[in-house]
Amino acid sequence: MIVPDTKENLNQCICTKCPTYVQCMKDKSEGLFCARGKSACKIEEEECICMDCPVDTEYKLTARLDLMEKKILKLNQFYCINGPAGSKK
Ligand code: SF4
Ligand code: SF4
């Protein structure tokens with residue numbers, strides 16, 4: 001599902017708590033990558049915690065997937081690197 005780039009969604013975004021979220025992203029006030037797409041920063045892939053985010057729940061980014069699909073998606077999530085939800089790279 002496409003996630004709208006709204007203030008409400010940004011406020012719910014938990015990217016700042018993510019191990020992958022680096023100082024550069026903070027400096028640029030980046031977030032809501034599932035809507036806005038890739039970060040402009042250089043990123044070391046650590047972990048993606050999007051699945052625990054209320055925005056993920058609201059827009060059913062992973063809710064309807066089975067365990068296998070979630071495993072695959074976990075590899076592909078990283079919206080800050082791969083681009084927004086609902087799009088191909
Ligand atoms: S799903 Fe990920 S990128 Fe989207 S708002 Fe939540 S933590 Fe941020
Ligand atoms: S999109 Fe995923 S990996 Fe990137 S900062 Fe947000 S939670 Fe972390």
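**Questions about a six-helix model**

Q: Which residues have the most contacts inside the largest nonpolar core, and what makes it a nonpolar core?
A: F33, C34 and Y79 have the most contacts inside this core of 19 residues. Two elements, α3 and α6, give it two or more residues each, and α3 has the largest share, with three. It is called a nonpolar core because its members are buried Ala, Val, Leu, Ile, Met, Phe, Trp, Tyr or Cys residues joined through C-beta atoms within 7 Å. As general background, nonpolar side chains in soluble globular proteins tend to be buried together.

A word on the model and its labels: this is a predicted model, in which local features need pLDDT of at least 70 and side-chain atom pairs count only at pLDDT 80 or more, while totals for chains, interfaces and linings use all residues. Residues are numbered from 1 along each chain as its sequence is written, and chains are lettered from A and ligands numbered from 1 in the order in which they are written.

Q: How many helices and strands does the protein have, and what makes a stretch count as one?
A: There are six helices and zero strands, so the pattern along the sequence reads α-α-α-α-α-α. Both kinds are DSSP runs numbered from the N terminus: helices are H or I with at least four residues, strands E with at least two.

Q: Why is the protein called as compact as a globular protein of its length?
A: Its radius of gyration is 12 Å, close to the 12 Å that the globule rule gives for 89 residues, so the description fits. The radius is taken over C-alpha atoms, and the rule is 2.2 Å times the number of residues to the power 0.38. Along its principal axes, the C-alpha trace spans about 35 × 25 × 25 Å.

Q: Why is L32 called buried and S29 exposed?
A: Buried takes 20 or more other C-beta atoms within 10 Å of a residue's own, exposed takes 12 or fewer, and partly exposed lies in between, with C-beta atoms placed from the backbone. L32 has 23 such neighbours, so it is buried; S29 has 8, so it is exposed. L32 is in the loop between α2 and α3, and S29 is in the loop between α2 (23-27) and α3. Phi is positive in each: near 50 degrees for L32 and about 50 degrees for S29.

Q: How do you know that Q77 is buried, and what is it in contact with?
A: Q77 has 22 other C-beta atoms within 10 Å, so it counts as buried. Its place is the loop between α5 (67-76) and α6 (79-82). Leaving aside neighbours within four places in sequence, Q77 is in contact (C-beta atoms, placed from the backbone, within 7 Å) with C48 and C50. Q77 and C48 are 29 residues apart in sequence, yet 7.0 Å apart in space, C-alpha to C-alpha.

Q: Why is α5 said to lie largely in the open?
A: Of the ten residues of α5, zero are buried, so this helix lies largely in the open. Just after α5, F78 takes a positive phi of about 30 degrees.

Q: What makes a residue count as near ligand 2, and which ones do?
A: The C-beta atom, placed from the backbone, must lie within 6 Å of the ligand. Among those around ligand 2 are F33, C48, C50, Q77, F78 and Y79.

Technical notes. Contact = placed C-beta atoms within 7 Å.
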